[in-house]
Amino acid sequence: MRPRFCFISGTCLSLLLLLACQAEVTTPPNRPTANAHVVEQHCGRCHAVPTPQDLDQATWKNYVLPRMGYFMGIYDAENTRASLIEENAPLVEQLNIFPEKAIIDSADWQKIKNYYLENAPMYLSYDTLKLGETQSLFGPRFPATFFSPPGTLLTRFSPSGGYFIADVHKNQLLFNDQQQQIRAAFNVEGGIVDLHVSQARLLLTSIGSFSPTDQANGSLLAMNLNTNTPVPTPLISGLQRPVQASVIDLNGDQREDIIIPEFGKWTGGLSWWEQLPDGIYQEHELRRISGALRLATTDLNGDDLPDIIALFGQGDEGFWAFLNQGDGSFKEELLFRLPPSYGSSFFTLVDWNEDGRADILYTNGDNADYPPIIKPYHGIRLYQQDEWGNFSEAWFEYLPGAYQARLADFDQDSDQDLLAISFFPDYQQQGKQSIVLFENNGNVNFSPKPFQQATAGRWITMDIADNDRDGDLDVLLGSMAFEVIPPSDLLKQWINNGLGWLYLENLSQK
């Protein structure tokens, strides 16, 4: 049975329509309380126990504590439980995500509420990101086509040059050449969020619904590019908001298998799909819980078998490993948990210290499950792996609302720089935080530099590659005019201008 958890922060694709943010500053209190053991007893069973200082009092009182109550069978109105359970989403009821009756006594529940409300700060304290001079390394190349409102959920460079764009509002997949001209357009329903190029075939991950749902409307589609009129056809259907598809031979049978994280809403999970001799795919569940966000494969234990590292958000946030046993089975291991208010958004594997072991470059900045507040723990982290397979935080770069980051030598000076985007920056104070180049000055000393085009779009996705084959890395950004409202003039600007993507050409070799 899926464990219950206290829902505190969703991740990049669990986005709800909310109100404007507030950003007042004060120093949070840190008073001990006798109710802490009750919190540990009930909340610690399912996820890392949040501290009261993770959120402000208003957020605890009006949003998080009521939602915590739902998972314990405590509802604020007679019809609340029924409103949480969708039609055509039977797993929510089957797994008893929202109990019909309270599973905690009223005295303990009151102690939990008192613990958070008595010790939470009125407002979170945070620093302003000190941006340097505007970067000059990348030059913008604007598209020839504009969509209003923009809804780009996929930006992906093609291995053969050019790039793919997928817009959720138009239900289209576009291929652009290196001159920014659209050369092909395909109608694809459901919102494409991932793409894999395999010879003359495209594998497309359709999320099914951008809005949160437990319905299984997502799918993996295959498109044969050798035909005169390529049409996407279902390869795997009935998925709960899949967000990625990783293609790899997991069991050594010389056939490509597929690993799919399903983010879902209240239900979801991570599975690998074995390709059988007849080409049919058979599902093998790895972890059945909502919030499966992203995965990567690597050999973690040196046995020459591909293992899986997966990031989960949606309450029980953290990283899990699935160690390949060589016979088609996997051993699940928790690598490390993260606070449930973090808002995990992205990770990729890097080898920061060049020791041959995979390290984790991670961003957390999702901020869409209650009126956004600036969180001092949002940003970019590197978790370094030691010789025993343990991960520990090596460094942190503050960036409110961080959604993706890439580590590479962008300026060709033989050290690793950071490029990051934020979907929830501090728009009230510093909208240019939405694209930042962290230039490496040595000894993990990064200088953050903004882009002139930072507020031209609301950046949600990013890809990097040497697209023009000149020896340096170019960048492709996707924009979505999402209605979690920053200053209204920006929202109107994004809709009216219709800038769905932006190509940033690296000028270091020019």
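## A buried asparagine, a four-stranded sheet and a two-sided helix

Asn467 is buried, with a relative accessible area of 2%. This is a predicted model, and the report describes three of its local features.

Asn467 belongs to the loop that runs between strand 26 (459-465) and strand 27 (474-479). Leaving aside residues up to four places away in sequence, Asn467 touches Phe157, Gly161, Gly162, Gln178, Asp474 and Tyr503. With Gly162 there is a polar approach: a polar atom of the Asn467 side chain lies 3.1 Å from the backbone nitrogen of Gly162.

The second feature is an open sheet of 4 strands, in the order 22-23-24-25 and with antiparallel pairing. Strand 22 (402-408) and strand 25 (446-450) are its edge strands, since each pairs on one side only. On average, neighbouring strands of this sheet are turned by 20° against each other, direction ignored. Strand 22 pairs with strand 23 (residues 417-422) in the antiparallel sense over 6 bridges. Ala408 stands opposite Asp417 of strand 23.

The third feature is helix 7 (residues 488-497), whose two sides are set out below.

| Side of helix 7 | Residues | State |
|---|---|---|
| One side | Leu490, Leu491, Trp494 | buried |
| Other side | Asp489, Lys492, Asn496 | exposed |

Why do the buried residues lie on the same side of helix 7? They cover an arc of only 100° around the axis, which puts them on the same side. In general, an α-helix has 3.6 residues a turn, so residues three or four places apart point the same way. Helix 6 (427-430) is included in what covers the buried residues of helix 7. Just after helix 7, Gly498 takes a positive phi of about 65°.

Terms used:
Residues numbered from 1 in each chain as written. Predicted model: local features only at pLDDT ≥ 70, side-chain atom pairs only at ≥ 80, totals over all residues. Heavy atoms only, no water. Buried < 20%, exposed > 50% of the residue type's maximum accessible area, 1.4 Å probe, protein only. Polar contact = N/O pair within 3.5 Å; in protein donor to acceptor, adjacent residues only side chain to side chain. Contact = heavy atoms within 4.5 Å. Pairing = 2+ DSSP bridges. Axes fitted to C-alpha atoms, helices over the stretch in contact; angles between N-to-C directions. Arc of directions from axis to C-beta.
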